[in-house]
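Colleague: I'm new to this one, so could you walk me through it with a few questions and answers?

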Amino acid sequence: MQVGLTWALIPWTARPAWTEGGHMGTVTDPAKLCDLFLRRSTLQDDKTTLHAHERDLRERAVREGLTVRKVWKEELSAFKAGVKREEFDSAISAVLAGEVRHLLVWKLDRLSRRGMGQVGQVLDQFDSKGARLLAHMDGLDSSIPQHRGLFAWLAEQARSESYNTSTRTRRTKAEKKFTGAWPGGQPPYGLRVRKGKTATEHHPKECATSRRIADGLLADKAAGTIADELNAEGLTTRRGGRWRSSTITQLAHSPRVGRADAGARSLHGREGTRTLASDG
């Protein structure tokens, strides 16, 4: 029987763990356990990429003689300030609580893009607990003193790349607004941007409802009342959901990019409802 081949066909999640005595069982020693942290950049990576990263890290764990305890997965920005990263916080807390002694990431920029300020804090905390951060593709191991300088350099490089990308994106959006082009993303309800076009236009299936919402708001009708009326008639949101007062309010306050000949403008409050009334 080809044991090696059969074993290779068993999914990672279905493979038994081996205890110190060589018997199948559950590994409980934190020194022999590791967690994996995976982060998907919504702009660059698809879920296939995430699966590939996990496979690489699981193979690395085997070479390190470690058993994977948990996989933390995140689809958030690791650069923007104020973003609540619950998976990141939980992964770090698990190590500091002594549940595992090792945290593996595919690359350092998958863990953080906030520079050495954040990465350095993680390294200090791990060091105080005798724990280790391993950045697989970067070839970095925080248990090696000489690697700390490399951690710092890569952390700052990741932060700089994100800052430059953010700056270019903001400038591009500002230019599109100035010229009257839609800056990207989903246009508000009642408007659309056709493929190959840069300006918004009335959405043929939504403009009548959006005009009705605008008229109701301009007549000082409560957002909740408008939502109830639309729901009673079986009208749905763009995604097929029920209308809510918060949906109506959010629509009234949505930034709107004007046509090229009108320039760009972001209208809010009562001005936002006027935009809805004029644009469908």
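**A first look around**

Modeller: Sure. The protein chain has ten helices and nine strands, and bear in mind that this is a predicted model.

Colleague: What share of the residues of the protein chain count as buried?

Modeller: A residue counts as buried when its relative accessible area is under 20%. The protein chain has 280 residues, and the share of them that counts as buried is 38%.

Colleague: And what part of the contacts with a separation of 6 or more joins residues 24 or more positions apart?

Modeller: Here we set aside pairs with a separation below 6 and look at the rest of the contacts in the protein chain. Among those, residues 24 or more positions apart account for 60%.

**The sheet and its helices**

Colleague: Which strands sit at the edges of the five-stranded open sheet?

Modeller: The order of the sheet is β4-β3-β5-β6-β7, with mixed pairing. An edge strand pairs on one side only, and that leaves β4 (67–74) and β7.

Colleague: Which residue of β4 stands opposite Leu38?

Modeller: Strand β3 covers residues 33–39 and runs parallel to β4, with seven bridges joining the two. Opposite Leu38, in β4, stands Lys73.

Colleague: Which helix lies across β3, β4, β5 and β6?

Modeller: Two helices are worth checking here. Helix α3 (residues 86–96) lies across β3, β4 and β5, at about 155° to β4. The helix that lies across β3, β4, β5 (102–105) and β6 covers residues 47–63 and runs at about 160° to β3; that's α2.

**A histidine and an arginine**

Colleague: Is His136 buried or exposed?

Modeller: His136 is found in the loop between β6 (132–135) and β7 (140–141). Its partners, leaving out residues up to four places away in sequence, are Asp56, Leu57, Arg60, Arg63, Val105 and Trp106. Its relative accessibility is 15% and the cut-off is 20%, so His136 counts as buried.

Colleague: Which residues does Arg60 touch, apart from neighbours within four places in sequence?

Modeller: Arg60 lies in helix α2, and at 18% relative accessibility Arg60 counts as buried. Beyond those close neighbours, Arg60 is in contact with Leu104, Leu134 and His136.

**Helices packing on helices**

Colleague: Are α8 and α9 roughly parallel or roughly perpendicular to each other?

Modeller: Helix α8 (residues 223–232) and helix α9 (residues 245–252) have axes 7 Å apart and pack at an angle of about 110°. Angles of 65 to 115 degrees count as roughly perpendicular. So α8 and α9 are roughly perpendicular.

Colleague: How many charged residues are there in that contact of α8 with α9?

Modeller: From α8 come Ala223, Gly224, Ile226, Ala227 and Leu230, and from α9 Ser245, Ile248 and Thr249. By class, there are five nonpolar and three polar residues, and the number of charged ones is none.

Colleague: What distance separates the C-alpha atoms of Gly224 and Ile248?

Modeller: Gly224 has its place in α8, and with a relative accessible area of 28% Gly224 is partly exposed. Gly224 and Ile248 are 24 residues apart along the chain, and their C-alpha atoms are separated by 7.9 Å.

Colleague: How many charged residues are in the contact of α7 with α8?

Modeller: Helix α7 (residues 207–218) packs with α8 at about 145°, axes 10 Å apart. The contact is made by Thr209, Arg212, Ile213, Gly216 and Leu217 of α7 and Ile226, Glu229 and Leu230 of α8. Those divide into four nonpolar, two polar and, for charged, two.

Notes
Residues numbered from 1 in each chain as written. Predicted model: local features only at pLDDT ≥ 70, side-chain atom pairs only at ≥ 80, totals over all residues. Heavy atoms only, no water. Helix = DSSP H or I, 4+ residues; strand = E, 2+ residues; numbered from the N terminus. Buried < 20%, exposed > 50% of the residue type's maximum accessible area, 1.4 Å probe, protein only. Contact = heavy atoms within 4.5 Å. Axes fitted to C-alpha atoms, helices over the stretch in contact; angles between N-to-C directions. Parallel < 35°, antiparallel > 145°, perpendicular 65-115°, else oblique. Nonpolar A, V, L, I, M, F, W, Y, C, P; charged D, E, K, R; others polar. Pairing = 2+ DSSP bridges.
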